[in-house]
Amino acid sequence: MGAVPISWFLTLSAVLFSLGVAGFLFRRSIITVFMSIELMLNAVNLSFVTFSYQLKKVDGHLLAFFVMVVAAAEAAVGLAIILTVFKNRKTLNIDDVDSMKN
Amino acid sequence: MDVILFLVFAIIAVVCAINVVVQTHPISSAISLVGVMGSLAVLYLLLGAEFIAAAQVIVYAGAIMVLFVFVIMLLNAGAEVQKGRSPMARFLGLPALVMLLGLLAYFVQRLFPRSDMVHFGGFTGGSPKDIGMALFTTYLLPFEATSILILIAIVGAIVLARKELD
Amino acid sequence: MDSFIVISLIKVAVVFAALLTTLAYLQWVERKVLAHIQVRPGPYRVGPHGLLQPVADIVKLITKEDLAPPFANKALYLAAPFLAMTLALLSICVIPFGPIIQVGGVRTAMQLTDLNIGVLFVLAVSSMGVYGVALAGWSSNNKYALLGGLRSAAQMISYELPMSLAIASPLLVSNTLSLRELVEKQAGGVWNWNVFHGPFPQVFAFVIFLIAAFAETNRVPFDLPEAENELVAGFHVEYSSMKFASFFMSEYANMITVSCMATLLFLGGWIAPWPAEYGSRFAPSVIFGAAGLAALYNGLNPRRRRDRYSFPVVAAAAFLIAAVFLIPMTQEWLLPLFWFGAKTGSILFLFMWVRGTLPRFRYDQLMGFTWKWLFPAAMLNLLATGFLIAWLS
């Protein structure tokens, strides 16, 4: 029964977070951008639960729970907004939703 | 044993996360994101967070991602077409990502000594009973606030997605 | 550590062998029950009383041509039935079939694993089951399959809500999430079962759970998304041979899972209806003996010529089983298994009975029913249960 150093969990969280940032900045499809946001939220959840293990308190689990609830509410409203944008602009490419530009 | 479990599921999580960012078709990204969430649920179990692991699968992977998959199927979103990437993004993108990652990993390794070890069963305070006790005593105000937040989200989603009565 | 692994592997082998045989013969039972409701004999020719019909079906399905539609997403098309089958079989892992027993010097529980969040595990697996249906509908590259798959998936996630609330009510009464402890708290007799006992008998929760279970497993009256004469059979229209068979097997496995959950949560699991001091150990023998006598009587006054030979064989088998129940050595594990099987079997019979009796809901009626009536009813039930438990203790 080996044991895993805590820094490995935090490094994994950092890797997932930076992959989420990369997806958020580089992808053009709005649904993929939204999924990268969810990936970032998951990475932060992993950090919360890891710190809760280190400090031996349950508060980190509670914060992760609230992050999940907020992510659910955000996903619902965000996807409704995406549906409305698609209905009006007929495209899911964020570069094409630029009628207010210049 | 714990090391093997961690390595296997961490590698699955990273590969699926790379897949989310790299795949062109949104449905492949969505399925890969479900894979990330599943492997994170296993890592939560390793950290003694059994309720959060179950909530992750039930809420995140089983409801939120189903919502994503629904929207992708309803909109019939095809594979993304890459047009007009700026040269700065193309050449500085990957090095900037690697630099960000390196900075974060370095600071994590500096700040957290290797004496803190995680083994399965090290923390037993993550049972539903403990979560319930904390949720309804210390965190009662955030709990009530999130219930109002969910109500706002429901009303907002229904208003945005209904048919216009012209 | 090694003996734990060996015992677990043996338990896995036993449980899955029993489960897969039950799945195959559950279809035979369903066809016979439906047939007798509709006053016709049902499968009758393949083997005595159609008992080899499942074998014939399996052989037919294996030897059918295995097509894939053109331009279908091959990876998801192949993964969807596999995913549906895996998730359907996964929740059997935490279901307890009996108490902790001693078999040949080894002390083990009649359960593959006892998680202390067993109920959450079953809920999690059933939430993931939506993916099998949705991906099957989408990857078939067929607009009817897509519509059927989306409708079915929306129905499943809508009915998860009243089901979770209906599960939460007996959890308030029993105060535990582990499935084994849930049953052990209902020990005693029929008056201790969660559906009859406590400050607030969980009758409403039981009814709401059963209705939600019908919808979760896509059974009549909620089977519009996959009925044969609606929408060209829904999400599995483009599947053939073994992939189609695995969707069917996953539907029956889901039925078995929700029946087992209803038994554990509401009907007291493997606990006999009256305590063992008053002779509940002899009840199975009496039941099987009566069945054997009925079969013998029908064999001696046959209505059809074939019955003269087959019914006495059935009678002999029933008497043999009744005798096996009287052996004290096997009573420790056979009796709880009998009661668990009897209760689960009654709920499965209810599934088939309803299939033969009720017409199906239209899709908007179905969705309106859950969001306007079932979900508020489940919430009110949870509220009443919580209030009464807090007030009376």
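Good morning. I begin with a contact inside chain C: 16 residues of its domain 1 are in contact with 19 residues of its domain 2. Please bear in mind that this is a predicted model. Domain 1 of chain C covers residues 1-63, while domain 2 of chain C comprises 66-282 + 326-391. Their C-alpha centres lie 19 Å apart.

Which elements give two or more residues to the side of domain 1 that touches domain 2 in chain C? They are α1 (2-37) and α2 (53-62) of chain C. The largest share of that side, 13 residues, comes from α1(C). By class, the side of domain 1 facing this contact in chain C has 11 nonpolar, 3 polar and 2 charged residues.

Let me turn to α1(C) itself. This helix has 36 residues and reaches 51 Å from its first C-alpha to its last, close to the 52 Å expected at 1.5 Å a residue. A kink of about 25° is nevertheless present in α1(C), centred on C:Ala24. C:Leu23, C:Leu26 and C:Trp28 are buried in this helix. What do the buried residues of α1(C) pack against? Their partners are α2, α8 and α11 (328-357) of chain C. After α1(C) comes C:Val39, with a positive phi near 55°.

One of those partners, α8(C), deserves its own remarks. Helix α8 of chain C runs over residues 241-266, and at 1.5 Å a residue its 26 residues should span 38 Å; the end C-alpha atoms are 38 Å apart, so the two values agree. α8(C) is mostly covered, with 20 of its 26 residues buried. Just after α8(C), C:Gly268 takes a positive phi of about 85°.

I come now to the nonpolar cores. The largest has 168 residues, and B:Ala30, B:Ala54, B:Met65, C:Phe209 and C:Ala212 touch the most other members. Helix α3 (residues 50-75) of chain B provides the largest share of this core, 18 residues. Apart from it lies another core of 6 residues, including C:Phe288, C:Ala295, C:Ala315 and C:Phe325. As for B:Met65, leaving aside its neighbours within four places in sequence, this residue is in contact with B:Ala30, B:Leu33, B:Val34, B:Met37 and B:Tyr60.

Finally, the arrangement of chains. Which of the 2 pairs of chains in contact shares the most contacts? That pair is chains A and B. Chain A and chain C do not touch, and their nearest C-alpha atoms are 12 Å apart. Thank you.

Definitions and conventions. Residues numbered from 1 in each chain as written. Chains lettered and ligands numbered in written order. Predicted model: local features only at pLDDT ≥ 70, side-chain atom pairs only at ≥ 80, totals over all residues. Core = buried A, V, L, I, M, F, W, Y, C linked by C-beta atoms within 7 Å. Buried ≥ 20, exposed ≤ 12 C-beta atoms within 10 Å, placed from the backbone. Helix = DSSP H or I, 4+ residues; strand = E, 2+ residues; numbered from the N terminus. Contact = placed C-beta atoms within 7 Å. Expected span 1.5 Å × (residues − 1). Domains from an automatic or database assignment. Nonpolar A, V, L, I, M, F, W, Y, C, P; charged D, E, K, R; others polar. Bend = angle between axes of the 7 residues up to and from the residue.
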